[in-house]
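Biologist: Please take a close look at one part of this protein with me. I would like to know how its strands are put together and what lies around them.

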Amino acid sequence: MRAAVLYGAGDVRIESVPDARLIQPTDALVAVSRACICGSDLWPYNLMEPVETGRRMGHEAIGVVEAVGADVRTLKVGDVVVMPFAYSDGTCVFCHEGLHTSCIHGGFFGTAEVAGAQAEAVRVPQADGTLVVLPVGAEEALMPSLLTLSDVMGTGHHAAVTAKAGPGKRVAVVGDGAVGLCGVIAAKRLGAEQIIILGRHPDRIALAKEFGVTDVVSERGEEAVERVRELTGGSGVHSVLECVGTDQAMRTAIAIARPGGAVGRVGVPHYEAIPASEPAFYNNVTVSGGPAPVRAYIGELLPDVLKGRIEPGHVFDRVISLDEVPDGYRAMNERESIKVMVKP
Ligand SMILES: [Zn+2]
């Protein structure tokens, strides 16, 4: 089969690889009908040292179950399923606490252990706990939004939840990528009164407004902090969704939180220590977040997607074939595209 393999910064190739197959009795084999390129894929795309054997990329997918292992109970061949970016057994203590990304038997797709989903097929470990069957006959038009339940919508939701967004709250979203935009949807869905986005790309800002943003801050650094204070009566916001992962984004996030506020960080951190610990301390700001347990959120978010109450699929502004994946990385990296969908 064919799959996307990253060999180093800027070097993603489509190659013939051994067919995905069942290894453990708890595995499912899924034929990928839709996958995506993620903003987090751009970190290795920009930074990875060249390697001999590449890394099989991709951690978001919708597909059709082609085979199941002997111990799989809840899935059958032909089921249309959505795959969270982390696999999990659904039965351990952390899964029961809703923290599936810390599953004792879990792990991540697109790693050395489990190959990625930017491929014709993917092996899904812990299939019963991991995969969610989508209602058969889910309309084609809903597929982009259903696909975001793999990662970006659940991740934006996690940022909002860990930042304690809710009714009447003032919320700021740092970052206008697909996750930040889904964070806007999540904040609005949870009842936020004011939603400020910090971003500067016109196409993304337009989408953010469609999703419910009330204010746009295009300044950076200290100027952005000043502007948010102006927009919030001088105090800052209750909830900050940090959807970038850089030191600068985290500094800004803490600086715009009001006393007693919270930062939910979902951008993969590219800093050693959390910055701005002094203002965070003196303002009693909670810094929370981490990899989103998107599996835990699918049950809550799926009905809203099926009913069309939220339309996170609008973050996709390009659909490509597997062969076009290298150009898809380039387009997202150059901010020519917000998020790319792959139809193998
Ligand atoms: Zn578990």
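Modeller: Happy to help: what follows goes through the sheet of β2, β1 and β4, with a few words on its surroundings. Residues are numbered from 1 along each chain as its sequence is written. This is a predicted model, in which local features need pLDDT of at least 70 and side-chain atom pairs count only at pLDDT 80 or more, while totals for chains, interfaces and linings use all residues.

The sheet is open and has three strands in the order β2-β1-β4, with antiparallel pairing. Strands here are DSSP E runs of at least two residues, helices are H or I runs of at least four, and both are numbered from the N terminus; two strands pair if DSSP finds at least two bridges between them. The edges belong to β2 (11-16) and β4 (55-56), and each has a single partner strand, so one side of each is left without a neighbour in the sheet.

Let us take the two pairings in turn. Between β1 and β2, which run antiparallel, there are six bridges. One of the residues involved is Ala4, whose bridge partner in β2 is Ile14. The hairpin formed by β1 and β2 has two residues between the strands, and Gly10 takes a positive phi there, near 75 degrees. On to β4: strand β1 (residues 2-8) pairs with β4 in the antiparallel sense over two bridges. Val5 stands opposite Arg56 of β4, and Leu6 has Arg55 of β4 as its bridge partner.

A helix packs on this sheet as well: α12 (residues 325-333) touches β1 and β2, and its direction makes about 160 degrees with that of β2. For such angles, axes are lines fitted to C-alpha atoms, for helices over the stretch in contact, and values run from 0 to 180 degrees between N-to-C directions. Contact means that the C-beta atoms of two residues, placed from the backbone, lie within 7 Å.

Now for the wider setting. The protein is divided into domain 1 (2-151 + 293-343) and domain 2 (152-289), with bounds from an automatic or database domain assignment. The C-alpha centres of domain 1 and domain 2 are 26 Å apart, and 18 residues from domain 1 and 18 residues from domain 2 make up their contact. On the side of domain 1 that touches domain 2, helix α11 (residues 294-306) gives the most, with five residues. The residues of that side of domain 1 divide into ten nonpolar, four polar and four charged.

You may also like to look at a second open sheet, which has six strands in the order β13-β12-β11-β14-β15-β16 and parallel pairing. Its edges are β13 (215-217) and β16 (286-289), each with a single partner strand, so one side of each is left without a neighbour in the sheet. From one strand to the next, the twist averages 20 degrees. Strand β15 (residues 257-265) and β16 run parallel and are joined by four bridges, and Val263 stands opposite Val287 in β16. Here too a helix takes part: α8 (residues 221-231) lies across β11 (170-174), β12 (194-198), β13 and β14 (237-242), running at about 160 degrees to β13.

Definitions and conventions: Nonpolar A, V, L, I, M, F, W, Y, C, P; charged D, E, K, R; others polar.
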